[in-house]
Amino acid sequence: MPIIYDSKQKTFKLDTKTSSYIIHVYRENYIVNLYYGALIPDTFVSKRVERSTNASFSVANPAIGGYDFSPDTAPIEYGCNGAADFRISALSVRNSNGDSTTDLRYIGHSIYQGKPELEGQPTSYLNDKSEADTLEIYAEDKVTGVIVTLYYTVFADQGVITRRAKIHNSSENPVKLERALSLCIDLPDMDYDLITLYGRHNKERTVERRRLAHGIQGVESKRGASSHCQNPFAAIVKSGANEEYGWCYGFNLVYSGNFTAMAECDYNGTTRFIMGINPTDFAWNLGAGESFDTPEAVMVFTDKGIGEMSRIFHRFYNNNLVRGEWKSKKRPILINSWEAAYFDFDTKKLVDFAKAAKKLGVEMLVMDDGWFGKRNDDTSSLGDWYVNEKKLKGGLSKLVSQVHDEGLKFGIWYEPEMISPDSDLFRAHPDWHVHVKGREPMQGRQQYVLDVSRKDVRDGLWQMMYDVISKNDIDYVKWDFNRNITDAASAILPAEKQSEFFHRFVLGTYDIMNRLVTTFPNILLENCSGGGGRFDPAMLCFSPQIWCSDNTDAIERLTIQFGTSMCYPASTMGAHVSACSRTGIATRGNVALWGTFGYEMDPRKLTKEERDIVLTQVEEYHKYYNLIHYGDLYRLVSPFENPYYAVWQFVSPDKKEALVTKVTVKRDEIHRTFIVKLKGLDPEKLYKCDITDEVYSGAALMNAGIVLYNYARNDGESIKLYFSEV
Ligand code: DGJ
């Protein structure tokens, strides 16, 4: 059983194939965490609950007596403010008396097979009820009447536990949630590094590793989106951990809005980690009988290093997060009009693109920004989601059918959550944008944010989208989001609920995305936010792929894709070959193969030599599709650590094939050898290398490695070596 309750010990044990998680109900019904780490067989572990040291003064519950147990030092499972747990908390409730002390105690639990639904928010899911088991722990604060349900769903075969909380006001008085986080975990020491992913537009998800120190450290977003600047991912790894070795805890929040991910190391040298909705600019009113659900957080533990942590996330997201028809259907190779034409296109140009692209083996044309309203640059028309017939003469259906006649699928661009000040929509509804009464709102890319926290706005927006999509045979939608949220307020929310705005906005976004994917289940949705500004697990519940970055330079993409792969699988990473010429087209292709693959260039302008390379790339895309999309990734040489090379490898789940890609960032003028040890192969199998025709055992490839020095030695060159079982 993945979840057991030992009533004698009053202990819950949650086991996956790689980890155990142990919760204990202590005296006076305090819920404490005893352990999270490598699998252990029994429920009896040392009770790291009672400690003799105190911070400055001893504070303890007189009902227990003595000072051995104090919430100040105990590993409280879901820390709250006010009752002697002074660390960063998961929950803070301002009750009707105005104080904010909350003291949660165990009142019951249930254990069952399956996973409960979460209405209105995206979560991981089960393909089959037997895939996971759930523990619900109920905890009550007697004074406020707040009842918290802590949900733990254990995906035993995957090595994953998901967590979230429901906060219910069972009293007759209103309360206000000032913090309501998804996860809180106390680790017994602080000998860890924190790994996070920072960045900006054009440089998303840079891996950053820092040693934990006393105090609070971490990352957050206050931008109304998960953001380019920090990703809602954090790993806490043992100080010496590397790709292959060491204890690693990975956390990822299934949320697309403001988040926090913070670690606090206390004076005792223990670590608390919390993750959830950012409490800054957040407060949620809970009337009598009302409940609030936090987003879901995904937890991964492995004792086999950072690489294995990533692979557990990858398998889990491919299997239990990405959904719908396109989860397992082969994604089409697309060509996107943006970098080839920007706003300057018409029906003829797009059909010419389609004709030229078809000859190269491309399978879908995507018409990017500029097809609607009077949009000829980025100063107008967001919100006017009707076809600009000056550009698309004869209408959209004529264009779509011409593209289909060429044998290509057709995709279209939207930026639904935005409104241009210069738009018919804004003139008709001057209060539909996000703004504070009496304050001129900030503009980003000369646009406002549409207030999708409002149902009437969502209905109006959806009607426009539905009219276009339902009347045309659309195969794909690219959903963009090109600014962050400022002046966060809604014209229709009462003053006391304005603090709910940010979360209501995110729920509104989920609602429209949900309408799109449920009304048009055949459509392939690709998310985007000025590149990868909203690359998070919540978006992956709607769109199986997300545009990784507007930076399509193959060398820059190396760090972006290495960073993204910390928790997101190749199948989700939008990657295209563009006209960006710092490297040759072959390297651009080799790097883009690590993602969903496509082109972002004028296909009519390719030289004969480039066309031949593209034809080979298309062939390789098909050949390596399963290996890359569903294989295991090994980051062999990281561009974050090596100034000369990046090398990565995919291994098929049956270990019969492997693909190794080397890119030379900068020619190494010093060393005259470069040997790389492959990983994840079967030591007993024999593999033939397609470049040398040599046959090696898996053991030889993994222990002696292969010499990669002689291949692709110069700046920007690259090579792929394919190994198949003989
Ligand atoms: C930002 C996206 O990342 C680009 O790919 C493109 O769609 C533009 N927006 C269009 O405005």
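This is a short tour of a predicted model, from the whole chain to its ligand and then to two loop residues.

**Stop 1: the whole chain**

Start with everything shown as a cartoon. Colour by secondary structure, and you will be looking at twelve helices and 39 strands. The radius of gyration is 27 Å, close to the 27 Å that the globule rule gives for 726 residues, so the chain is as compact as a globular protein of that length. If you draw a box along the principal axes, the C-alpha atoms fill roughly 85 × 70 × 45 Å.

Now switch on the surface. About 25800 Å² of the chain is accessible, and carbon and sulfur atoms account for 50% of that area. Colour by burial next: 63% of the 726 residues count as buried. A contact map is a good companion here. Take the contacts between residues at least 6 apart in sequence, and 68% of them join residues at least 24 apart.

**Stop 2: the ligand**

Hide the surface and select the ligand with its shell of 13 residues. Which of these come nearest? They are Asp368, Asp369, Lys478, Asp480 and Asp550. Colour the shell by residue class, and it divides into six charged, four nonpolar and three polar residues.

Next, show side chains and look for N or O atoms facing oxygen atoms of the ligand:

- Select aspartate 550, where a side-chain N or O atom is 2.4 Å from a ligand oxygen.
- Move to lysine 478, where the corresponding distance to an oxygen of the ligand is 2.7 Å.
- Finish with arginine 445, whose side chain has an N or O atom 2.8 Å from a ligand oxygen.

Before leaving, consider how much of the ligand is covered. On its own the ligand has 290 Å² of accessible area, and the protein covers 98% of this.

**Stop 3: two loop residues with positive phi**

Keep one background point in mind for this stop: most residues other than glycine have a negative phi.

Select lysine 10, in the loop between strand S1 (3-6) and strand S2 (11-15). Its phi is near 55°, a positive value in a residue other than glycine. Is lysine 10 buried or partly exposed? With a relative accessible area of 37%, lysine 10 is partly exposed.

Then jump to serine 381, which sits in the loop between strand S22 (364-367) and helix H4 (395-405). Here too phi is positive, with a value near 80°. Serine 381 is buried, and its relative accessible area is 2%.

How values were computed: Residues numbered from 1 in each chain as written. Heavy atoms only, no water. Near = heavy atom within 4 Å. Polar contact = N/O pair within 3.5 Å; in protein donor to acceptor, adjacent residues only side chain to side chain. Areas by Shrake-Rupley, 256 points an atom, 1.4 Å probe, with all protein chains shown as cover. Nonpolar A, V, L, I, M, F, W, Y, C, P; charged D, E, K, R; others polar. Helix = DSSP H or I, 4+ residues; strand = E, 2+ residues; numbered from the N terminus. Rg over C-alpha atoms; globule rule 2.2 N^0.38 Å. Buried < 20%, exposed > 50% of the residue type's maximum accessible area, 1.4 Å probe, protein only. Contact = heavy atoms within 4.5 Å.
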